[in-house]
Amino acid sequence: MEIYIKYMVSLRCKMVVEATLKKLGLAYSSLELGTVVLLHDITPKQRQTLKEQLFVSGLELLDNKRNILIEKIKKVVIEMIHYADELPKTNYSEYISEKLGHDYTYLANLFSEVKGITIQQFIIIHKIERVKELLLYDELNLTEIADKLHYSSVSHLSNQFKKVTGLSPSFYRKLKQKRRENLENM
């Protein structure tokens with residue numbers, strides 16, 4: 001039995017879900033971001049208890065098919081940007097459509113209607129979050145980051161970064177370095 005969990009977007013969330021399942025004695029075969037495959041069907045009472053336990057941790061058990069599909073879209077985007085070694089060579093719309101087995105126009109319209117932003121805007125937000133992470137690690141320069149995240153140029157990355165954060169990437173990196181230094185000097 002497959003269940004879907006909203007807001008399950010990090011390794012910490014996976015650990016919370018895993019602990020909750022163990023606490024409730026629910027065995028599973030797979031635990032991924034947003035999805036759990038339980039070994040057995042659960043009773044309505046178990047489902048309600050699981051729902052309540054997840055809610056306490058800021059997570060939500062999904063029942064609505066539209067919301068489940070929205071979470072699947074978000075999961076594909078998050079995995080693609082944050083956890084894949086390399087972004088897909090095809091354009092994002094083809095990739096998402098292929099991964100979910102639905103027409104992209106349908107997915108895009110549904111996502112916009114429910115979330116109030118486009119899939120493309122959601123992708124940009126997550127790409128900028130990934131840029132922030134990479135800037136903090138200080139292992140890649142801006143050209144390498146732009147290349148890794150398939151930006152057409154450093155200028156394009158910088159403009160998008162500034163539009164989303166209000167800061168230039170170099171200023172953001174300096175700001176984070178100053179904060180780190182200040183913490184070390186305390």
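These notebook entries record what I looked up in the structure, which is a predicted model.

**Entry 1: the nonpolar cores**

I began with the largest nonpolar core, which has 32 residues. I asked which of its members touch the most other members, and found Ile96, Ile119, Ile123 and Val131. I then looked up which helices supply at least two residues of this core. They are helix H3 (65–83), helix H4 (92–100), helix H5 (104–115), helix H6 (119–137), helix H7 (142–148) and helix H8 (154–165). Apart from this core I noted another, made up of 15 residues. Cys13, Leu21, Leu38 and Leu61 are among them.

**Entry 2: Ile123**

I returned to Ile123, one of the residues that touch the most other members of the largest core. Setting aside neighbours within four places in sequence, I listed its contacts as Val77, Met80, Ile81, Tyr92 and Ile96. Ile96 thus appears twice in my notes: as a contact of Ile123, and among the residues of the largest core that touch the most other members.

**Entry 3: His82**

I next located His82, which has its place in helix H3. Is His82 buried or exposed? Its relative accessible area is 17%, so I recorded His82 as buried, the cut-off being under 20%. Not counting residues up to four places away in sequence, His82 touches His126, Glu129, Arg130 and Glu133. With Glu133 I also found a polar contact: the side chains of His82 and Glu133 are joined at 3.4 Å.

**Entry 4: aromatic rings**

I searched the whole structure for aromatic pairs, and the search gave two. One of them is formed by Phe161 and Tyr172, in an edge-to-face arrangement. For this pair I noted 5.5 Å from centre to centre and 70° between the planes. Phe161 belongs to helix H8 and Tyr172 to helix H9 (residues 169–184). The two residues are 11 residues apart, and their pair links distant parts of the chain. I found both Phe161 and Tyr172 to be buried.

**Entry 5: Tyr151 and Gln160**

I then examined the ring of Tyr151 and found Lys127 over its face, at 4.1 Å from the ring centre. Tyr151 also came up when I looked at Gln160, a residue of helix H8, since I asked what Gln160 touches beyond residues up to four places away in sequence. The residues are Ile124, Ile128 and Tyr151. Finally, I checked the exposure of Gln160: its relative accessible area is 15%, which means that Gln160 is buried, as the limit is under 20%.

Key. Residues numbered from 1 in each chain as written. Predicted model: local features only at pLDDT ≥ 70, side-chain atom pairs only at ≥ 80, totals over all residues. Heavy atoms only, no water. Core = buried A, V, L, I, M, F, W, Y, C linked by side-chain atoms within 4.5 Å. Buried < 20%, exposed > 50% of the residue type's maximum accessible area, 1.4 Å probe, protein only. Helix = DSSP H or I, 4+ residues; strand = E, 2+ residues; numbered from the N terminus. Contact = heavy atoms within 4.5 Å. Polar contact = N/O pair within 3.5 Å; in protein donor to acceptor, adjacent residues only side chain to side chain. Phe/Tyr/Trp six-rings, centres within 6.5 Å; stacked < 30°, edge-to-face > 60°. Lys NZ or Arg CZ within 6 Å of the ring centre and 35° of its normal.
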